[in-house]
Amino acid sequence: MKQLTVLSGKGGTGKTTLTAALAVLAKNAVVADCDVDAPDLHLLLHPEVIEMQQFKGSKVAVINEDQCVKCGMCKEKCAFDAITSDLKVDAIACEGCGVCAIVCPANAVTLAERISGSAYISKTKYGFMSHAMLHPGEANSGKLVTLVRQNAKILAEKENSDLIIIDGSPGIGCPVIASITGVDAGLVVTEPTLSGIHDLERVLRLLEHFHVAPFVCVNMYDINRDNAEKILRFCGENGVEVVGQIPFSPKVTEAMVNGKSIMEYSPKGAVAKEIENVWQTLCSSALRK
Amino acid sequence: MIVSVASGKGGTGKTSVAVNMALSVGNVQFLDCDVEEPNAYLLLHPKMHKREPVTTLVPSINEKLCDHCGECSKFCQYNALFTSPEKVLVFPELCHSCGGCAMVCPKNAISWKQNRIGVLNFGSLRDLALVYGELEVGEPMAVPVIKAVKKQMRKGKNVILDSPPGASCPFVETVRGSDFCVLVTEPTPFGLHDLKIAVQVLKIMAVPFGVVVNRAGLGDRKVYDYCKTEGIRVMMEIPYQRKIAELYSRGIPFTIEMPEWTTKFHELYDEIKEAAGK
C-alpha cells in the first residue's frame, strides 16, 4: 500500500482541490482529510458517515470549588497561564499537564478526560474517506491527524485499496509532521508568488528532514510566469521532480461553489487535463509499485 | 490597540490585509505570528537588524541521581519521557515545558536545559517595527515561538498581529489578548466553512471581530448571507482583480501601486478602533 500526502506550506494554494481531483482519478483509493482544524474536502466529496468516534486527545484541569482553599498555588505554578485571577481554569489555555493537581495542598484539582473532536469513517462516490473535526479552540491536532491516518490504513486494508491520499494542512508544524511521517511521497502544491516560493523551500526541507520523497506541482502558474520559471529552476537544481503546472481558471472556484471536484465539473477543461497528467506522472514515479 | 488578522482558511489574504493596513496607518509594531511560514517580511522588505534564538526548557536527567523509578514518565501527559530499567529517555519535541517531571522526581535528578526551536527576527521600515518568528524546520511546536514573538509587544503602541491559518492552538495563541480580530475570508464554500470555525473560537474567547471579504466577486454570496444572519460586520471588500494578485506575487503591497486603497485601510482601522471601544 502506498501513501501520498498533498501539502503546501502556504495556505490556499489548492491542496484540497488537487486531492479531490486525484481521489476521482485514482480508482479505489482511500482519502484522508488531515486538515483537522479547517477540513474542507467533504465540501467536494460529500461523504456519507458510516462510523463516528470521539477523539480524546488530552486532559483538562478541574477545580473542585468546595475543596479549594484559594491559596493560588495552581496559578503560580501553571506554565500556560491557564488559571485566571479568580482561580478558575481557562479551558482553552489549559494543556492538561497536571502540575496544578500535584501542587494543590487541598487536593482540589483533578484531571478530566477532554473530548477534543470527532473522527469519521465515510463513504463517497469515489471510495472510502477518513476524516475528522477538531472542536473549536481545541489543541492536539497532531494526535487527531494520527488517528485519521490509522483509520485510513485500517480502511485501506479492509477494502484492498493500494493507495491512501492524504490532504494535509498548511504550515510545517505538528499536524503537518503527523501527516507526512512514514508516507511514500509528498506532493507539494505551490503557487508562483514570492510567499509560495518561500514556503515551498521550507516544506521541501521538512520532507527531506523526514525522508519523504518530494514532488512539486505548480498551481496557477500563469499568474506570474517568471516566478513559475524560478520554481522550475529551483526544483531542477535540487533534483525535485515537477509533476505538473496547472493554469489559473475561474472554473476551479465555480466547481467549488457547485460542491464538485473540477474533474466532474469541467472534465474537458485545461485544469482537468493537466491534473490527469499529474496523476499519470505520479503513477509512473511516486506511486510505481 | 492590539489588532490581529486571522482567517481559518489559508491563503485568503491575511498577510496582504495586515501589511497594507500597517503601511496605511503607519507608526505600528507588526508581529508576524505565522511562525511556520512567515511571509510578511516578503511584502514589507524591511531592513533587518538582529536575530535571536527561541528556546524552550526541557528536562535534563542527572543519571548519577536517577534511580529509574519512573515517576517522571508516569506524570508526563505528553509522553516526552520514557523510563527503561537503565535510562530515562527525553523526547524534547514532545515536551510542553510544564515543569511537572522535576516536581515529582523524588531524587531531584531533573534540571532544565535550553532547547532551540526557532528564531526571532527584528527589522524596521520607516516608522514600522517588525518582529517575526521562524519555527525551525522539523520542530513541531509553533506555540512557544508565537509566545516569544508576542513577548516583544511594546506596551502602549499600536500593534498588528498576522496570525497563522487554521483554528487550533497557533491561531488561539496569536489572537489571545487582542482588542479586535479581523477575519479575512473569500466568498467561496471553503472560505465560508473555515470562517464559521474561526468565528466559533473567537466567540468562546470573547474577542470582538469583524470580517474582510477578499477576492470579492469570486464565488457566491453565502459569506454575506452568513454574516448578515449572524450580525457580523463586513468591514471591507477587496475585489478580485488580477492586478492585485500579480502585485502580491511580486511581493508588492497593493496600496503602494493603488494609493486610493490607503484611505480605505485608514477607514477600516478607524472602524476597528470604534468597534473595539478604543
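Is Leu87(A) buried, exposed or partly exposed, and how many C-beta neighbours does it have inside 10 Å? In this predicted model, Leu87(A) counts as partly exposed because it has 17 C-beta neighbours inside 10 Å, while 20 or more would be needed for a buried residue. Leu87(A) sits in the loop between α3 (73-77) and α4 of chain A. Its phi is positive, at about 60 degrees, although the residue is not a glycine.

Asn28(A) offers another case of this kind. Its phi is near 65 degrees, again a positive value in a residue other than glycine. Asn28(A) belongs to the loop between α1 and β2 (30-33) of chain A. With 13 other C-beta atoms within 10 Å, Asn28(A) is partly exposed.

At the level of the whole chain, chain A is divided into domain 1 (2-55 + 117-284) and domain 2 (65-107). The centres of these two domains of chain A, taken over C-alpha atoms, are separated by 41 Å. A distance between two residues can be set beside this: the C-alpha atoms of Gly12(A) and Val89(A) are 35 Å apart, with their positions 77 residues apart along the chain.

Gly12(A) also leads to the partner chain. It is placed in the loop between β1 (2-7) and α1 (15-25) of chain A, and it counts as buried because 23 C-beta neighbours lie inside 10 Å. Apart from neighbours within four places in sequence, Gly12(A) is in contact with Lys9(B), Gly10(B), Gly11(B) and Thr12(B).

The contact as a whole takes 51 residues from chain A and 51 residues from chain B. On the chain A side, at least two residues each come from β3 (48-63), α4 (99-103), α5 (141-158), α6 (174-180), α7 (194-209) and α9 (250-257). The largest share, 8 residues, is supplied by α7(A). Sorted by class, this side of chain A has 20 nonpolar, 22 polar and 9 charged residues.

Turning to the interior, the largest nonpolar core has 158 residues, and the members that touch the most others are Ala23(A), Ala132(A), Val148(A), Ile165(A), Ile160(B) and Val182(B). Helix α7 (residues 189-205) of chain B gives the most to this core, with 8 residues. Around Ala23(A), leaving aside neighbours within four places in sequence, the contacts are Ala29(A), Val31(A), Leu45(A), Tyr126(A), Gly127(A) and Ile165(A). A second, separate core of 15 residues includes Val60(A), Ala61(A), Ala82(A) and Ile83(A). In soluble globular proteins, nonpolar side chains tend to be buried together.

How values were computed
Residues are numbered from 1 along each chain as its sequence is written. Chains are lettered from A and ligands numbered from 1 in the order in which they are written. This is a predicted model: local features need pLDDT of at least 70, side-chain atom pairs count only at pLDDT 80 or more; totals for chains, interfaces and linings use all residues. Two residues are in contact if their C-beta atoms, placed from the backbone, lie within 7 Å. Helices (H or I, at least four residues) and strands (E, at least two) are DSSP runs, numbered from the N terminus. Ala, Val, Leu, Ile, Met, Phe, Trp, Tyr, Cys and Pro count as nonpolar, Asp, Glu, Lys and Arg as charged, and the others, Gly among them, as polar. A residue is buried if 20 or more other C-beta atoms lie within 10 Å of its own, exposed if 12 or fewer, and partly exposed in between; C-beta atoms are placed from the backbone. Domain bounds come from an automatic or database domain assignment. A nonpolar core is a set of buried Ala, Val, Leu, Ile, Met, Phe, Trp, Tyr and Cys residues joined through C-beta atoms within 7 Å.
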